[in-house]
Amino acid sequence: MKRRYPKLGLAAAAMLAACSAPPPGRTPEQPQAALPRTAPPPPPPQPAPAIPSLTLDGYKKSVAERIARASPDIFEDPLPEMFKSIVVLDITIDREGRLAQVAVRRSNGYKALENRAMDSVRRAAPFAEPAFTVRRRDGSVKFMETFLFRDDGRFRVRSLVE
């Protein structure tokens, strides 16, 4: 068998060799073992759409959750046997979810902790619009919420304690 295009064969071999050779100044890389493919991690859960709670207890819990998310003073540890202070607030929210009023209903006299509880409610506002099933005649919703304070001034919202 005769070779008709020996120069073409040499050129093709040289091109293939140049493609597989590392560039000057670089060392050839070791082939990597094929990594097993894993499924990508699931996306973080999206918050559920705001569906108004149809009961006062449900709405009160959604307000408490918002207060807890907005406050740096929340603790998640188990509840202590004794609290430094227990502050009960009267909270009124208008039909659009704006805080209409917050006032101390009951306390044991620690003004700084009373203010911290009220400030945490103000910081968390505005809230979800209350459902018509929990509104009063004027369209607002009014309830009491209890704040349980440890010795270090951090608190838990009573509606979120299991």
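A residue is taken as exposed when its relative accessible area is over 50%, as buried when that value is under 20%, and as partly exposed in between. In the predicted model described here, K111 reaches 56% relative accessibility and therefore counts as exposed, whereas E114, at 7%, falls in the buried class. The side chains of K111 and E114 nevertheless meet in a salt bridge, with an N to O distance of 3.4 Å. Because K111 and E114 are three residues apart in helix α3 (residues 111–124), about one helical turn separates them.

Side chains of opposite charge can pair when their charged atoms come close. With a salt bridge defined by a side-chain nitrogen of Lys or Arg within 4 Å of a carboxyl oxygen of Asp or Glu, the count for the model comes to nine. Among them is the contact between R98 and E96, whose side chains meet at 2.7 Å, N to O; R98 is partly exposed at 47% relative accessibility, and E96, at 39%, is likewise assigned as partly exposed. A further salt bridge links R136 to D138, with the closest N and O atoms 3.7 Å apart, and R136 has a relative accessibility of 41%, which places this residue in the partly exposed class. In addition, D77, R150 and D152 are connected through a network of salt bridges.

The strands of the model include four that form an open sheet, arranged in the order β2-β1-β3-β4 with antiparallel pairing. The edge positions are occupied by β2 (99–106) and β4 (155–157), each of which pairs on one side only. Neighbouring strands of this sheet are turned against each other by 25° on average, direction ignored. Strand β3 (residues 141–149) is joined to β4 by three bridges, the two strands running antiparallel, and F147 has V157 of β4 as its bridge partner. Helix α2 packs on the sheet, where it touches β1, β3 and β4, and the direction of α2 makes an angle of about 50° with that of β3.

The loop between α2 (56–70) and β1 (85–93) contains D73. This residue has a relative accessible area of 18% and, because that value is under 20%, D73 is classed as buried. When residues up to four places away in sequence are not counted, the contacts of D73 are with R116, R123, R154 and F155.

Methods:
Residues numbered from 1 in each chain as written. Predicted model: local features only at pLDDT ≥ 70, side-chain atom pairs only at ≥ 80, totals over all residues. Heavy atoms only, no water. Buried < 20%, exposed > 50% of the residue type's maximum accessible area, 1.4 Å probe, protein only. Contact = heavy atoms within 4.5 Å. Pairing = 2+ DSSP bridges. Axes fitted to C-alpha atoms, helices over the stretch in contact; angles between N-to-C directions.
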